[in-house]
Amino acid sequence: MAARREKRIDPKNWASLKPFGIGEGRPNNYAEIWRAVKENRDRLGYAWRILKTGTCDGCALGTKGLRDWTIDEIHLCNVRLRLLRLNTMPAFDPSAAADAAALARRSGAELRDLGRIPCPLVRRRGEPGFRRIGWDEALDLAADALREAAPDRFGVYMTSRGEPNENYFAAQKAVRALGSNSIDNAARICHSPSTVALKDALGVAATTCSYRDWIGSDLIVFIGSNVANNQPVAMKYLYHAKKTGTKVAVVNPYREPGMDRYWVPSNLESALFGTKIADRFFRIDGGGDLAFLNGVLKHMVERGWVDEKFIAEHTTGFDDVRALLDRLAWEELEKGCGADRDEMLGLARMLGEARTAVLVWSMGVTQHEFGEDNVRAIINLALAKGFVGREGCGLMPIRGHSGVQGGAEMGAYSTVLPGGRPLTDAPHFTRLWGFEVPATRGRTAPEMIDAAHEGELDVLVSSGGNFLEVLPDPDYTRAALERVRTRVHIDICLSSQMLVEPAETVLILPAQTRYEMAGGVTETSTERRVIFSPEVPGPRVEEAWPEWRIFTELAARARPEIADRVRYEGTSQIRDEIARAVPAYDGIQHLKEYGDQFQYGGPHLCAGWTFPTPDGKARFSAVAPPPVTRPDGAYVVATRRGKQFNSMVHERRDALNGALREAVLMNPGDADREGFADGDPIVLTSDFGELRGRVLRAPIAPGNLQVHWPEGEVLYDQAKRSPQAGIPNYKSTTVTVRRLSA
């Protein structure tokens, strides 16, 4: 497909004639720059060097300093600016951790603002807080606990913010050296259903295209994805895509303001007049994705808007899908998604008329108890038109964290080995590493908390993350953490889960950031680009260690007989081993300088419609919508993010829609029927908990509510998870609503 040229000036895409969107709901990106300057004024030179030469530790779009490989412009967003201080702030005085009860009264932001963790800290049961210890004592305490625990009685979890591939790889190898596969990472609670469904259908488990495919494609469809909040630099790609004539469709219960109109600060035209992003919104019920997407495909099949030749030559399973669609009544589909058949026809027509399209989705699709089937329904739409393996086309589970793509591919996953190889391939890694690698499935992150709650987990090592803020039912999670004999928290700053009362011992170990690691490190972006991030000269937290070294030293001390097989001399040695263990990453061993990178698999996976499946064909999946079980008068509630990064809340107010953290987004018609005005205090009640909030009328589908995450986790059942990936449900639960009396 020949790339379409961009129009120089395109008034039909302007969002407003108000210069710089004065008075409109939008983030003030220029104010964010000034804020970053003020926050980092004590180490401004170091902050600038991180921005200029480091690979972004925010979302997974991927950078080379202030540039990327998609457009020839500055690549910088307010998310990266807000995270910058985590890398530049000095350490706090260890005595600040002596009173855990006082710390527990602080918010997450206040704990972070204390500064970096200065040194290893320990707290025993009955002690009021933490005291300083040396690294040898800390490592011996943790290693002794791991040695004494049976392989099925310890677990390791790794976050994704800023985690490089080297940390993931070394940690998973260390855990397997200890005889267990119970290591999991943040991919479990974001895109694990995408990995499962893509691997089953296409034989690959990653985004099939590149960001460049957005620009000039006929159509981009965002399903349960809000890049304006979560990957704001992507709005620049959409600005350029719109200038080439690309149409944008959004499927979501809520008409996200940032996906409607956006002011891109670094493009003069968009900065002045804004850019209309979505050509059409399709508002559906939370949990209605399967019904809606099946209805769209039903229209396409009935009207002959599918590529029969591609389907016949390159796919299997379409007859089963066609039979399912024939059985599904329109009334059933409309009830299941909350949209009428004409709305389904609207998206079907856009897909049917498109020669090329990219389908993008995120956690609005995956974080359901049927997340895998949601993704399969999206794959079905792409396969119906052959929207994969060619320019301007693709399936993109867009990632929200810089480390999450590489985490699973490095093997930091309880259900697969490095490179996504099945656990039955454990003998291969036994030969490669020189110690026995277990083939027994490990525990996922939610299963680790279940085991802890039942008293079946003796040691939990948490590298970053905060289970209290990322899992449903915080009270359940707190009770679980209180029952773990030894907890080891590895991080750069304090978090609330570290302050949960110890059963016996809690250790806190200070970690280095990616910019502090000698020899540099790598990350893998959403588009499968493996990017080198060099060490950035600057001030250091003297006692902080790289996580790869912490994990391997724990394994070496717990099992001294294989110490020489788990220790590394530096990150370049880890990259050499990654290249041997993960064939797709061959080339990582050559990344040594700023700007070094490669895109594994090339610009398009499944290029030329060659699928790495046993029969060389892609697979359709007949996925029926779940039954609608909403009681009369109840609402479907989903969690959403505001001005935050993961669970790290940066502002109480979201600049894009004006919502405060306590806001409950409600359809105006529903609010009128209930007799609610904006700001009225209300209580949401589910079978699992209550949440107090205030009404905010919003363009959301009738019968639906949205609340902020993680505050809304109290409403969700911690046991409700998808069947294969085990992802918790955060996006559809039913609640009743009542006014909060004085």
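Let's start with helix 13, residues 289–302. It has 14 residues, and at 1.5 Å a residue these should span 20 Å. The end C-alpha atoms are 20 Å apart, so expectation and model agree. And yes, this is a predicted model.

Stay with helix 13 for a moment. How many of its 14 residues are buried? The count is 13, so mark this helix as mostly covered. Just after helix 13 comes glycine 304, with a positive phi of about 70°. Next to look at is arginine 303. Its charged end sits over the ring of tryptophan 305, 5.9 Å from the ring centre. Another arginine does this elsewhere: arginine 549 lies over the face of tryptophan 545, at 3.6 Å from the ring centre.

Now the sheet. It is open, it has five strands, and the pairing is parallel. The order reads 9-6-5-11-12. Which strands stand at the edges? Strand 9, residues 280–282, and strand 12, residues 394–397. Each has a single partner strand, so one side of each is left without a neighbour in the sheet. On average, neighbouring strands here are turned by 15° against each other, direction ignored.

Zoom in on one edge. Strand 11, residues 357–361, runs parallel to strand 12, and four bridges join them. Take valine 358: its bridge partner in strand 12 is glycine 394. As a reminder, strands of a sheet pair through backbone hydrogen bonds.

What packs on this sheet? Helix 8, residues 192–202, does, and it touches strand 11 and strand 12. Its direction makes about 160° with that of strand 12. Helix 19, residues 371–385, lies across strand 5, strand 11 and strand 12. That helix runs at about 175° to strand 11.

Last topic: aromatics. The whole structure holds 14 aromatic pairs. One of them joins tyrosine 211 and tyrosine 237. The ring centres are 5.5 Å apart, with 35° between the planes, and the pair counts as tilted. Where do the two residues lie? Tyrosine 211 is in the loop between helix 8 and strand 5, and tyrosine 237 is in helix 10, residues 234–243. So the pair ties together parts that are 26 residues apart in sequence.

Are these tyrosines buried or exposed? The cut-off for buried is under 20% relative accessible area. Tyrosine 211 has 1%, so it counts as buried. Tyrosine 237 is buried as well, also with 1%.

One more group to find on screen: Phe169, Phe429, Trp433 and Phe435 form one aromatic cluster.

Methods:
Residues numbered from 1 in each chain as written. Predicted model: local features only at pLDDT ≥ 70, side-chain atom pairs only at ≥ 80, totals over all residues. Heavy atoms only, no water. Pairing = 2+ DSSP bridges. Axes fitted to C-alpha atoms, helices over the stretch in contact; angles between N-to-C directions. Contact = heavy atoms within 4.5 Å. Phe/Tyr/Trp six-rings, centres within 6.5 Å; stacked < 30°, edge-to-face > 60°. Buried < 20%, exposed > 50% of the residue type's maximum accessible area, 1.4 Å probe, protein only. Lys NZ or Arg CZ within 6 Å of the ring centre and 35° of its normal. Expected span 1.5 Å × (residues − 1).
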